[in-house]
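Subject: Structure handover

Hi,

Here is the structure I promised to pass on. Have a look at it first, and then read on for what turned up.

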Amino acid sequence: SEEGDFRPWKNSSGNSIVFPRPCPQIATAIFKNEEVPVGLSDWHRFYIESKEIARDVTSFAIHSEFLLLTTHRHTCAFLPLRCSIDDIESMVANEKLSVENVRRVERGSCIVAVEPCGSRLVFQMPRGNLETIHPRPLVLSAVRKYLDGLDFGKAFEMMKKHRINMNLIYDHNPKSFSQNVDVFINQLGSPTNVNLFLSDLKNEDVTLTMYPGACSIDKRTIKASKVNDICSLAIEALESADSKKYVLSVVTAHVKKTEPELEEALLKIKSLGDGADGGVTADEAMKYLVVLVDVNQLYDVALGTYDLNLVLMVAEKSQKDPKEYLPFLNDLRKMTDYDKYRIDKHLKRYEKALEHISNCGSELFSECLNLIEQWKLYPQALSCFRGRAEEERTIALEYGNYLASQQKYEEAGLVLTRYDHLREALAAFQKAGEWRHCFCLSARLQCSKVEIIEIARNLSSYLRNHRRHAEAAHILEEYAEDYEEAVALLIEGTLWDEALR
């Protein structure tokens, strides 16, 4: 006390705290904002307040977030101070500590000191020598503090040194990271460091998987678009910071997305000069990209840009024999719509191939029609040929026939009607049992009385087989004037009132 005399330590209830046994080693620890005494007896009994927590403790130390204990089982336990004393007692008694919070130590090792807010832990070995280690719980604790203070540079260096997964930088507090990406980039400073961070990204919350309990911040589940979101934020921040310095990092961010943006990465590389200003050259950037992505995939993407210079740049970095690609590229030198069609067909981008060959004139329409029929591109083809009546009607007829072959008779009839293939549409509607459409078309076609009667009988037979007796009888009465058969159908369908009428 202030008077210099000794007074009993009292707990929150006002009761004096007395260790059951004499404890030569005494310290204080703060559990849930309450400072309490802890002690270790000569008989290896460890006490928190008056409670005996363990009977095999050889040494202990107090960290800002953990109570550290070494035991006769040659382990070092890291007990979180955010837990209550009862929880600590239960953890030790039932051995409920996670794998991350217990580590093996050499027999006879004792704690000498621990860095109160850092990650270093000093042991004295049985041989008398001192050894310093960086246990994972203390490293994660230090990393969290750096991240909370937006000291991304120190957090990154510690994570790199101790091989902590870089996703923790984002997963610890996604909102804070997203709002401070520019700070993160500036503190990392080196494109190599940025590339290391981007390369480690994955759509997983490591605070729930690899490092459970490493984050105390309440946050929603990581979105499936996590990697895409980070890469987009990084590209924007990198371009703002120094687009020349971080060009390889921008390329990495494009490639790392869930659906790699290889075309954007290639165009970024193409925009580079020869490095006269001291920046990365296009050749160096391409060599880097080839390491990240399969060169054959890059070749196809470059070909899809219709830029032969870019294609050659990629091909030169591949193991392809020039005899394999030069003849093909020489044929494409003019890069007409037909050349683009050939490229897209080679890359199996059939919709784009259709767009280009549709601009090649009527002399190539038969080849275009073969492409449409082979890959079932009828709706896209009708869109491409809109306004060209003859080609539209030809495509519509083929589309209607295709739909009919798939037994989609009503859709076939609608398409054929739209493009004035009325006879074919009539046949399709008959197979669909759409009798209203049929008689509308028969009127437009000016069918004879005999034809209308035949259509009516065919439709009534279809409707009867599908248990639509009322409609079948109506058709026979209205269009075939066969009243007896109409009455017979109504009786068959048990429609007595309608039959009497």
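Start with the helices: α6 (181-188), α7 (191-199) and α8 (226-242) each give at least two residues to the lining of the largest cavity. Please keep in mind that this is a predicted model.

How many cavities of 30 Å³ or more does a search of the whole structure find? The search finds one. The space in the largest cavity comes to about 30 Å³.

If you would like to display the lining of the largest cavity, select F177, V181, F184, I185, V194, F197, L198, I230 and A234. What kinds of residue are these, nonpolar, polar or charged? The lining has nine nonpolar residues, with no polar and no charged ones.

The other thing to show you is a sheet. Three strands make up this open sheet, in the order β9-β10-β11, and their pairing is antiparallel. At the edges are β9 (110-114) and β11 (130-133), each of which pairs on one side only. From one strand to the next, the twist averages 30°.

As a reminder, strands of a sheet pair through backbone hydrogen bonds, either parallel or antiparallel. Here, β10 (residues 121-124) pairs with β11 in the antiparallel sense over four bridges. To find your place in that pairing, look for L121, which stands opposite I133 in β11.

Happy viewing, and best wishes

Note on methods:
Residues are numbered from 1 along each chain as its sequence is written. This is a predicted model: local features need pLDDT of at least 70, side-chain atom pairs count only at pLDDT 80 or more; totals for chains, interfaces and linings use all residues. Side-chain values use heavy atoms; hydrogens and water are left out. On a 1 Å grid over the protein atoms alone, a cavity is a set of points where a 1.4 Å probe fits but cannot get out, and a pocket is an open set with protein on both sides within 12 Å along at least five of seven lines; lining residues have an atom within 4 Å of a point. Grid points are joined across faces, edges and corners, and a volume is the space filled by probe spheres set on the points. Ala, Val, Leu, Ile, Met, Phe, Trp, Tyr, Cys and Pro count as nonpolar, Asp, Glu, Lys and Arg as charged, and the others, Gly among them, as polar. Two strands pair if DSSP finds at least two bridges between them. Axes are lines fitted to C-alpha atoms, for helices over the stretch in contact, and angles run from 0 to 180 degrees between N-to-C directions.
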